[in-house]
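Please open the model in your viewer and keep the sequence panel in sight. We will go from the whole chain to a handful of side chains, one selection at a time.

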Amino acid sequence: MTTEFKTAKVEVKVLGQEEGIIEAIVSITNIVDSVDDIILPGAYTKTLALRVPKICWGHSWTNTVGKVISAQELMPGDPRLPARLIACGAGALKVAMKFNLNTNAGREAFEEVKFWGDDAEFSIGYDCITPGAGQFKRNSRGQRELS
């Protein structure tokens, strides 16, 4: 299995300057992305019940810079979503994360995210499980559905 990534650039809020806490939308669901995939609403339910994601820098699983302190999947139409996501029928994965300010990497990552604000990009890494014989499930429009 090859780990794949999806990037989102939507909304970032600093919740705790001294503690290094950021809240951000890190994934968007229910819309077709640039590679013709769609993450289905509810795709994060099982994973979030089993484990808390890591905060890694540059897609490196060994370069952790913080930890997730809360994660919730917001379904399409949820009033906590930004207006532009509600308008297009999207949902999202919203995460609060605490950067490890006791390390150089954690401090630098926190400062980068603050500097870029809503232009910061976050991505999720995932392993796609194929339904059989190496074929991904595709909908009637040929888009790969990630569930």
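Begin with contacts across the whole chain: among those between residues at least 6 apart in sequence, 65% join residues at least 24 apart. Bear in mind as you look that this is a predicted model.

Now switch to a cartoon view. You should find three helices and nine strands. Following the chain from the N terminus, the elements come in the order β-β-β-β-α-β-β-α-β-α-β-β. If you turn on a surface, its accessible area is about 8,800 Å², with 51% of that belonging to carbon and sulfur atoms. Of the 147 residues, 36% count as buried.

**Stop 1: the aromatic rings**

How many aromatic pairs does a search of the whole structure find? There are two. Select F99 and F110 to see a tilted pair, with 5.8 Å from centre to centre and 50 degrees between the planes. The angle makes the pair tilted because stacked planes would be under 30 degrees apart and edge-to-face planes over 60. F99 sits in strand 7 (residues 91-99) and F110 in helix 3 (residues 104-116), so this pair ties together parts that are 11 residues apart in sequence. Are these two side chains buried or exposed? Both F99 and F110 are buried.

Next, select F115 and W116. Their ring centres are 5.0 Å apart and their planes stand at 85 degrees, so this is an edge-to-face pair. Colour by accessibility here: F115 is exposed, at 62% relative accessible area, while W116 is partly exposed, at 46%.

**Stop 2: the salt bridges**

Side chains of opposite charge can pair when their charged atoms come close. The whole structure holds four salt bridges by the search, and we will visit some of them.

Select K94 and E23. They form a salt bridge whose closest N and O atoms are 3.7 Å apart. The cut-off for a salt bridge is 4 Å, so this distance falls within the limit. Which elements does this bridge connect? K94 belongs to strand 7 and E23 to strand 3 (residues 21-29), so the pair ties together parts that are 71 residues apart in sequence. Both K94 and E23 are buried.

Move on to D37 and R144, a salt bridge with its closest N and O atoms 2.7 Å apart. This pair links distant parts of the chain: D37 is in strand 4 (residues 37-39), R144 is in strand 9 (residues 144-146), and 107 residues separate them. Check the surroundings of each partner in turn. D37 is buried, with a relative accessible area of 4%, and R144 also counts as buried, at 6%.

**Stop 3: back to helix 3**

Finally, return to helix 3 and select K114 and E111. Here the salt bridge has its closest N and O atoms 3.2 Å apart. What separates the two partners along the helix? K114 and E111 are three residues apart in helix 3, so about one helical turn lies between them. Both are partly exposed: K114 has a relative accessible area of 25%, and E111 has one of 41%.

Before you close the session, try showing F110 together with this bridge. F110, in helix 3, is buried, whereas E111 is partly exposed.

Conventions: Residues numbered from 1 in each chain as written. Predicted model: local features only at pLDDT ≥ 70, side-chain atom pairs only at ≥ 80, totals over all residues. Heavy atoms only, no water. Phe/Tyr/Trp six-rings, centres within 6.5 Å; stacked < 30°, edge-to-face > 60°. Helix = DSSP H or I, 4+ residues; strand = E, 2+ residues; numbered from the N terminus. Buried < 20%, exposed > 50% of the residue type's maximum accessible area, 1.4 Å probe, protein only. Salt bridge = Lys/Arg side-chain N within 4 Å of Asp/Glu carboxyl O. Contact = heavy atoms within 4.5 Å. Areas by Shrake-Rupley, 256 points an atom, 1.4 Å probe, with all protein chains shown as cover.
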